[in-house]
Amino acid sequence: MGTKEHYDAVIIGAGLTGLTAAFYLNKKGKKIKVIEKQPVAGGVIQTHRKNGFVFESGPNTGVLSNPEAAELLEDLDGKCKLEIADETAKRRWVWKGDDWHELPSGLVKGVKTPLFSMKDKLRIVGEPFRKPGENPDETLDEMVKRRMGKSFLNYAIDPFILGVYAGDPSYLVPRHALPKLYNLEQNYGSFIGGAVKKKKEEKSEYEKKATKDVFSVKGGLSNMIKALQEEIGSEKIILGNRHLAVTKQDQNYEVQYDDETITASNVVFTGGSHGLHGVFDFLGKEEVETIDNLIYSKVIQVALGFKNWQGRKLNAFGGLVPYIENRDVLGVLLPSAFLSNRAPENGALLSVFLGGFRKPEMIEKSDDEIMTLVEKEVKAMMKLPEFNPDMVEIFRYEHAIPQYGKSSEERFSMIEKVQKEHPGLVLAGNMRDGIGMADRIQQGRQVADSL
Ligand SMILES: Cc1cc2nc3c(=O)[nH]c(=O)nc-3n(C[C@H](O)[C@H](O)[C@H](O)COP(=O)(O)OP(=O)(O)OC[C@H]3O[C@@H](n4cnc5c(N)ncnc54)[C@H](O)[C@@H]3O)c2cc1C
């Protein structure tokens, strides 16, 4: 038997996290290999084309919420083109009663909106003067009720959480799930006061790259994945591996995939906590189970294309449906309203979301059952005289979005312990450090910088 080829790092998973880490490690001149069990790269990021529509089955857009995300797209410029959503995307609808209402952005609209009760509108004036919470495990619903009132929880935070987490504010713990919001209260004493003060703070040129713009990529997010693959070099990315086992060999790791065996100084796992089972023989059952104490929301996304849109004017990012409204969809995104070339002229592309943390059973429904619900809801909510889409695709995710609840602390401690015991092993991916695309890019970059 000859000597096994040695790598600086093996990255498991060719989603956005793994590819970002691989891209920056490769740029540093490190010898790397990426191993992905699916036949295509991108993880949940997949763009599709059908009947003149360009649509996503995973994320539709991200937010440039950190400089690393902006910088990755700058680094890929020439291979793929960043697309910032147009102004329409600033308008967000929330369903209440029998219609959509715009989520207010300023004071005047805030006073007039029917979304919040008069009592809570008056109460919000006192928000900056309420004392910060003391329970680090307080759930999001408790925190919002304490600071802002129940109608803000039901018609602002609940739909926001549906849009980001497909989650439930009574499960998520802000310290883990929304650390920026949590820190506003802890560091500045208030959400409103903190946001105002933070806006005024001096920012470095690097920090200014985090514009908070909603982004995609021209032609769809898969073009960003293709650009990463090209830059890394497709010969360094193994797709469709059937078998994977990582063992320890002295100071190194031995990685067996399919019929190959290689060694590596570092192994970076980015596959989601549920993917950890059976990969590392040196991790005990208790260790893996504690790290996999994470619940993922189950989500169904239905892409609908209409060549000749006859419904209401689509001049928003989309609409979210608070849980309290008791409807069958979580929300409807309107990508053709704010991104270019997603639907033919006069047409419309809609992404309808169902399921989520509070309705996991939805994923068991058949395509026909799902389409019956989608037809009923889309016709009513979009004032559509007839429901005759020219394109329909249904996508189901058993593990869509991880929910950072109370158990997160235990998971983070276990990850830290395991990484300390096994130098060179990095357990990354969305089991920690955030769930959005920008979070994934930031983590991938930090992993690459740290190795
Ligand atoms: C329906 C949906 C909508 C979303 N909407 C948004 C949005 O609007 N905005 C936003 O910012 N984010 C959104 N997200 C979240 C965002 O898409 C993800 O955070 C991000 O794409 C995850 O990237 P990742 O690389 O960490 O994980 P993944 O994309 O899950 O990639 C992990 C990869 O690891 C592979 N893998 C796992 N185990 C193994 C193994 N043992 N061997 C080999 N390979 C393995 C998997 O096959 C997969 O390809 C959405 C996600 C979903 C599912």
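Visitor: How far is an oxygen atom of the ligand from a polar backbone atom of Ile-435?

Guide: In this predicted model, Ile-435 is among the residues that come nearest to the ligand, in a list that also includes Thr-17 and Glu-36. The contact in question pairs a polar backbone atom of Ile-435 with an oxygen atom of the ligand, and the separation is 2.5 Å.

Visitor: What share of the area that the ligand exposes when taken alone does the protein bury?

Guide: Besides Ile-435, two further residues offer backbone contacts to ligand oxygen: a polar backbone atom of Val-44 is 3.0 Å from an oxygen atom of the ligand, and a backbone N or O atom of Met-437 lies 2.7 Å from one. The ligand taken alone exposes 1,000 Å², and the part of this that the protein buries is 87%.

Visitor: Which element supplies the largest share of the shell around the ligand?

Guide: There are 30 residues around the ligand, and the elements that each supply at least two residues of the shell are α1 (16–27), β2 (32–36), α14 (437–450) and β18 (391–403). The largest share amounts to three residues, and the element that supplies them is β18.

Visitor: Which residues of α8 are exposed, and on which side of the helix do they lie relative to the buried ones?

Guide: Within α8, which spans residues 179–188, the buried residues are Tyr-182, Leu-184 and Glu-185. Because these cover an arc of only 155° around the axis, they fall on the same side of α8. The buried residues pack against α5 (140–147), α7 (174–177) and α9 (191–200). On the other side of α8 stand the exposed residues, Lys-180 and Asn-187.

Visitor: What is the approximate phi of Gly-189, just after α8?

Guide: Helix α8 covers residues 179–188, and Gly-189 comes just after it. The phi that Gly-189 takes is positive, at about 85°.

Visitor: Why is one side of β5 and of β6 left without a neighbour in the sheet?

Guide: The three strands form an open sheet with antiparallel pairing, in the order β5-β9-β6. Since β5 (62–63) and β6 (82–84) stand at the edges, one side of each has no neighbour in the sheet, and the reason is that each has a single partner strand.

Visitor: Which residue of β9 is the bridge partner of Ile-84?

Guide: Strand β9 comprises residues 214–217 and runs antiparallel to β6, to which three bridges join it. Ile-84 has its bridge partner in β9, and that partner is Phe-215.

Notes:
Residues numbered from 1 in each chain as written. Predicted model: local features only at pLDDT ≥ 70, side-chain atom pairs only at ≥ 80, totals over all residues. Heavy atoms only, no water. Buried < 20%, exposed > 50% of the residue type's maximum accessible area, 1.4 Å probe, protein only. Helix = DSSP H or I, 4+ residues; strand = E, 2+ residues; numbered from the N terminus. Arc of directions from axis to C-beta. Contact = heavy atoms within 4.5 Å. Pairing = 2+ DSSP bridges. Near = heavy atom within 4 Å. Polar contact = N/O pair within 3.5 Å; in protein donor to acceptor, adjacent residues only side chain to side chain. Areas by Shrake-Rupley, 256 points an atom, 1.4 Å probe, with all protein chains shown as cover.
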